[in-house]
Every structure is written in C-alpha cells, then in structure tokens.
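Me: Could you take a close look at one part of this protein for me, the places where charges and aromatic rings come together? I'd be glad of a connected walk through it.

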Amino acid sequence: MLVVQGASLYVVGSMLDGFAWQIRSLLVPTAAVSTATAVLVAWWLGRRVAGRLAEITRAIALAHHAESRDLLAKRAADEIGSLVESVNGLADSVALRERRILESALSDPLTGLPNRALLADRIRQMVSVSQRSRSGFAVALLDLDRFKFVNDTLGHATGDLLLQEVARRLRATARESDTVARLGGDEFVLLMAGGVDAAREVTRRVLDAMKTPLRCNDQLIDIGVSIGISLYPEHGEDDVTLLRHADSAMYSAKRTRSGERVFDGDAGAVRRSYLSLLGEMRAALESGQFVLDYQPKLALRTGLIAGFEGLVRWNHPVRGRVPPNEFIPFAEQTGFMREITQWVIAGGARFARVLADAGLNLTVALNVSALDVENPEFGREVLEILRSQPIDPKRLCLEITESGVVSESDAALKNLLAISRLGVRLSVDDFGTGYSTLKQLQQLPVDELKIDRSFVAGIHRNRGNLTIVRSTIELGKQLGLKVVAEGVETVEELRCLARLGCDEVQGYYLSKPMPEADVVGWVEMRHALYLSARETYFEMLAERR
Ligand code: C2E
Ligand code: MG
Ligand code: MG
C-alpha cells in the first residue's frame with residue numbers, strides 16, 4: 001500500500017516537473033516579446049509626445065509674434081489635444097491683444113483714423129516713394145471752424161459725435177488711395193499723391209461736402225472747414241516742415257474765410273510782393289482809394305434803425321473794388337494795419353458827426369484788428385481822434401474779433417479799459433468763431449456780442465444753430481450785454497431772432513453795405529415808411545410760417 005502510494009506520488013511529481021518546464025519554456029519568450037513591445041511602444045509614445053510638446057513649446061514661444069503665428073493642428077481628442085486647444089486659444093488672445101495695442105498706438109480712438117504718429121510715418125514713406133519715382137504729393141491740413149464754440153454750447157458728447165461724422169464724411173469724400181488722419185482736437189489731415197491740381201480737386205469736394213449740415217443727436221449743425229495745403233517737394237521735404245507749412249496756409253484760409261489756401265512758398269518772394277503791396281497800399285490811402293461803406297443795423301424791439309457798421313473797401317485802379325478780406329491780412333502782416341485803422345476810426349468819427357448834424361441819433365461801428373488792440377499806443381490814438389472830432393463817444397462802437405478781445409497781454413487790457421472809460425462802446429465781433437470763455441468776457445469791459453453770421457444762416461430750420469444762438473442770447477443777457485446778429489438774409493431768420501429776444505440785426509435782408517453818401521437818405525426813407533405803417537412791421541414779426 002505504501003509502495004503504491006509512493007509510486008503514485010512519484011508519477012504526480014514528475015508530471016508537475018514536466019508542466020513547469022513547459023510553462024517556463026513558454027513564459028520566457030512571451031516575457032521577452034512583451035518587454036520588447038513595451039519598450040518599443042514607450043519609445044514610440046515618448047517620441048510622439050516629445051515631438052508634439054516641442055511643437056507646442058515652439059508655438060508658445062512664437063505666440064507673441066502676431067504675424068508668424070500658425071495655429072497648431074489638433075490631431076486627437078486626448079489630453080494633448082486639449083493642451084493644443086488651450087495653446088491655440090492663448091496664442092489667439094495674445095495676437096488679438098497685440099493687434100489692439102498696435103492699433104491704439106497708431107490710430108485715433110474716437111474716429112478710428114490714423115493718428116499723428118502713423119501719419120508722420122506715412123508721410124516719410126511717401127517721401128521715399130516720391131524720391132524714387134520723382135513724383136510729388138500734397139499734405140492738406142483741415143481745421144473745423146467754430147468747433148470750440150459748438151463743443152462748449154452743445155456739450156462734449158455732441159462734439160465727439162460731430163468729429164466722428166466729420167471723419168466719416170472725409171473718408172467718403174477722399175480717394176481710396178488718400179490717407180485721412182486726425183491730428184487731434186478738430187484738426188484732420190489728408191495725404192494725397194499727385195500735384196496741386198489733384199489735391200485741390202479733393203479739397204474742393206471736401207469743402208462742398210462740409211456745406212451740408214452735419215446731423216448729430218437729431219440736431220443739424222453747420223460747421224465750416226478751413227484747409228491749408230503744402231506740397232512735396234516745393235514746400236518741404238519732411239513731415240514736420242510739410243505739416244507746419246500746411247498749418248500756416250490753413251490759418252491764412254481761416255483769417256480770410258477763403259476756405260482753402262495753398263502755402264505761399266518762397267518767403268523771400270512773398271516778402272517782396274508784400275513790400276510792393278505795402279507801397280501800393282500807402283499810396284492808395286493817401287490818394288483816397290480806400291472808402292468806407294456802411295451797413296445798417298435794425299433794433300428789433302422798436303423797428304427803428306439803430307446804427308451802421310463801416311466796412312472798408314479798396315477801389316483799386318486796376319483790380320477794381322477789392323474786398324477787405326483780400327488786403328486786411330496783408331496789412332496786418334506788413335504792419336500797415338495801424339495806419340488803416342486810424343484812417344477808418346477817423347472816417348467813422350467824422351461820419352458820426354455828419355449823422356448827428358442831420359439829427360440822427362445813430363451809432364457808428366468800426367472794425368478794429370486784433371493787432372491794433374495789442375499796440376500800446378492804441379488807446380491814446382483813439383482819444384486823439386475823439387479830441388479832433390467832437391462827438392458823443394457813445395455814438396462810436398469798436399468791433400474787435402474774439403481773439404483780440406480776450407488777448408492775454410497787458411497792453412490789450414489797458415487799451416480796452418482806456419477806450420471803454422472814454423465812453424466808446426466795445427463789441428465782440430464774429431462771436432463764436434474764437435476761443436473766449438464766459439469768465440474772460442465777464443472780466444472785460446465789453447458792451448455787445450455780435451453773433452457770427454455762420455450761426456445765423458438758416459436758424460429757423462437748423463436746430464443746432466438755433467440752440468447755439470439761443471444760448472448766446474441768454475449768455476449775453478446774463479452778462480448784461482447787447483446781442484447783435486449779423487448776416488440776416490431772410491425774413492424767417494429775422495422773425496426767429498426777434499422771438500429769441502435778440503437786440504439788433506444786420507444783414508442783406510435789411511440792406512447791403514451802401515456808400516456813405518446814401519446813408520442819410522436811406523434812413524429818412526425807411527423811418528418815413530415805418531411811421532406810416534408801423535403796425536406792418538410788428539405784424540411781419542409776429543407772422544408765423
Ligand atoms: P465783419 O466785421 O464781420 O463784417 C460783416 C461782413 O459780412 C461784411 O463783409 C459784410 O458785407 C458781410 N455781410 C453783411 N451782411 C451779410 C449777409 O447778410 N450775408 C452775408 N453772406 N454777408 C453779409 P465785408 O465787408 O467783406 O467784410 C469782411 C470782414 O472784413 C469784416 O467782417 C471785418 O472783419 C473785416 N473788415 C471790414 N472792414 C474792416 C476795417 O475797416 N478794419 C478791419 N480791421 N477789418 C475790417
Ligand atoms: Mg464787424
Ligand atoms: Mg462779423
């Protein structure tokens with residue numbers, strides 16, 4: 001029994017040995033193959049991941065270069081795929097931010113137009129292109145007329161809308177190839193390839209386009225523009241000079257209200273022509289070629305003529321009747337204004353005497369240049385004229401443009417105080433076109449505000465102008481000033497001004513400026529008509545359309 005048991009254990013033992021051997025001989029190659037496969041897979045995966053990571057690292061490194069950045073391809077929906085997606089998102093937002101920073105550094109945030117820095121760069125590019133192609137280009141600097149006043153009266157939000165609308169209009173009017181930029185404030189620049197004729201064609205279109213009132217917040221606003229043009233290479237060979245010369249031409253356009261001016265060019269030639277004109281002006285004054293025409297002012301409350309404004313004209317033997325805007329700026333630049341002004345005030349004072357002698361209690365207003373007010377002798381010169389021409393000083397009024405009235409100089413203030421102490425009236429001419437503030441006006445001895453004619457035009461149908469004129473009249477009343485509206489051309493404008501409480505009106509509706517000799521007869525005729533049909537005047541004012 002024991003032997004049998006021992007034998008069977010032996011058999012089982014040897015069978016197990018056989019199995020173990022068999023298993024070992026099977027396991028060894030399997031383990032070897034698995035290990036090799038695992039090593040291979042690990043090596044392959046490692047390479048793949050390392051490759052993608054290297055790609056991602058490169059993408060991150062390039063993410064801040066907006067132009068050189070390529071989006072990574074997302075190849076699988078695994079963790080690496082998600083990482084790729086995040087890196088792509090990061091690169092996108094960096095690029096977007098970079099573009100925005102670049103754009104805001106080079107464009108004007110309000111209008112989206114190129115700013116001064118980008119404009120300067122474009123001018124420099126045009127210079128190098130023009131040097132190679134031997135062609136020219138033009139820089140036109142545009143400045144809005146009366147913007148400060150509109151901005152102050154209607155508020156800065158409206159001012160901003162207005163600038164955006166101007167930008168749109170300029171972009172729509174300029175040619176595709178022109179650069180339209182905003183320098184700041186109410187100054188814009190057009191950069192145009194080609195010569196003066198091509199540039200003027202564009203600026204003429206701009207001037208035309210700006211004639212249509214701009215619509216801002218349901219208000220129509222009339223805003224003029226003055227343009228100065230400088231040309232490459234004639235007027236400058238770099239951005240700074242070209243812009244400076246365009247600016248000086250723009251000021252000349254503004255002063256003369258001529259809309260547009262090309263830079264005068266060679267200063268020597270200009271000075272020579274000034275000198276010959278100066279000689280001509282002196283001879284003209286001595287030989288009686290200058291005359292004063294007079295335009296009436298109507299007192300709205302009474303319907304009677306309140307006075308006249310004297311306007312100088314030059315009866316030139318060759319050029320005919322030259323309007324003041326064509327020679328006053330020359331007179332100012334050559335220092336000849338002083339002589340013209342003395343002649344004008346003396347002529348006006350003499351005429352005030354003629355009117356008084358004819359039994360007419362009328363005021364004579366005369367224009368004085370801002371430069372005259374700066375002349376320390378001016379107050380004394382006015383006093384001397386009054387001494388030689390005994391008239392009631394209250395019958396004389398001096399109209400000075402805003403810039404002359406609010407000049408910061410001591411001499412100007414002393415002159416205004418001295419003249420006002422004499423009893424002579426002081427009026428702020430073309431009010432709304434300059435830069436005066438309420439505070440400045442309060443401190444000055446002025447008696448009258450004369451609203452610029454650009455605000456009066458179409459006042460009955462233009463809400464922007466209406467708001468401006470209404471608030472000017474209110475401002476005048478608060479300051480205790482008389483308010484006069486100039487440039488009244490229609491009965492509708494006159495009625496509207498009467499309703500707003502304006503004191504006096506002047507303009508073609510009443511009469512164009514007339515020769516001195518016609519004045520007394522004209523006033524007598526008008527007053528006789530008025531006396532016979534006084535009611536008609538008030539009916540006409542009350543009439544509504
Ligand atoms: P201002 O003093 O504002 O004179 C009003 C100008 O508007 C005058 O032009 C006048 O003829 C014009 N005007 C009057 N009513 C109307 C109207 O209903 N519609 C239009 N469109 N225009 C009207 P003018 O005579 O050509 O004078 C232009 C400017 O020249 C004057 O503007 C004034 O600044 C200056 N000026 C004239 N005479 C003198 C002067 O003796 N000395 C100085 N320093 N400047 C003068
Ligand atoms: Mg005037
Ligand atoms: Mg005026």
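Reply: Happy to. A good place to begin is lysine 512, whose charged end sits over the ring of tyrosine 508, 4.6 Å from the ring centre. Arginine 146 offers a second case: its charged end sits over the ring of phenylalanine 455, and here the distance to the ring centre is 5.5 Å. Please keep in mind that this is a predicted model.

From charges over rings, let's move on to rings beside rings. The model holds eleven aromatic pairs. One of these pairs joins phenylalanine 308 and tryptophan 522: the ring centres are 6.2 Å apart and the planes stand at 80°, which is over the 60 degrees needed, so the pair is edge-to-face. This pair links distant parts of the chain, with phenylalanine 308 in strand E9 (residues 304-316), tryptophan 522 in helix H19 (residues 516-532), and their positions 214 residues apart in sequence. Both phenylalanine 308 and tryptophan 522 are buried.

Strand E9 takes part in another ring pair, this time through tryptophan 314, which meets phenylalanine 327 of helix H9 (residues 324-334). The centres of the two rings are 5.6 Å apart and their planes lie at 90°, so tryptophan 314 and phenylalanine 327 are also edge-to-face. In sequence the two residues are 13 apart, and the pair is again one that links distant parts of the chain. Tryptophan 314 is buried, and phenylalanine 327 is buried too.

Now the picture widens, as ring pairs link Phe290, Trp314, Phe327 and Trp343 into a cluster. Tryptophan 343 brings in helix H10 (residues 337-357). How buried or exposed is tryptophan 343? Its relative accessibility is 27%, which falls between the 20% limit for buried and the 50% limit for exposed, so tryptophan 343 counts as partly exposed. Setting aside residues up to four places away in sequence, tryptophan 343 touches Leu285, Phe290, Val291, Leu292 and Val312. Phe290 therefore appears both among these contacts of tryptophan 343 and in the ring cluster. There is also a spacing to note for isoleucine 385: its C-alpha is 9.7 Å from that of tryptophan 343, while 42 residues separate the two in sequence.

For another tryptophan, look at helix H1 (residues 2-62), where tryptophan 43 lies. Its relative accessibility is 53%, over the 50% limit, so tryptophan 43 counts as exposed. Trp43 also belongs to a nonpolar surface patch with Leu40, Val41, Trp44 and Leu45, and the accessible area of the patch is about 550 Å² together.

A polar residue makes a useful companion to these rings. Asparagine 415, in helix H14 (residues 410-422), has a relative accessible area of 3%, so it is buried. Apart from neighbours within four places in sequence, asparagine 415 is in contact with Asp372, Val373, Glu374, Asn375, Pro376, Phe378 and Gly379.

Finally, here is the wider setting. The protein chain has 20 helices and 17 strands, and buried residues make up 46% of its 545 residues. Of the contacts between residues at least 6 apart in sequence, 68% join residues at least 24 apart. The accessible surface of the chain is about 28,200 Å², and carbon and sulfur atoms account for 57% of that surface.

Key. Residues numbered from 1 in each chain as written. Chains lettered and ligands numbered in written order. Predicted model: local features only at pLDDT ≥ 70, side-chain atom pairs only at ≥ 80, totals over all residues. Heavy atoms only, no water. Patch = residues over 30% accessible without salt bridge, like charges linked within 9 Å, V, L, I, M, F, W, Y side chains within 5 Å. Areas by Shrake-Rupley, 256 points an atom, 1.4 Å probe, with all protein chains shown as cover. Salt bridge = Lys/Arg side-chain N within 4 Å of Asp/Glu carboxyl O. Helix = DSSP H or I, 4+ residues; strand = E, 2+ residues; numbered from the N terminus. Buried < 20%, exposed > 50% of the residue type's maximum accessible area, 1.4 Å probe, protein only. Contact = heavy atoms within 4.5 Å. Phe/Tyr/Trp six-rings, centres within 6.5 Å; stacked < 30°, edge-to-face > 60°. Lys NZ or Arg CZ within 6 Å of the ring centre and 35° of its normal.
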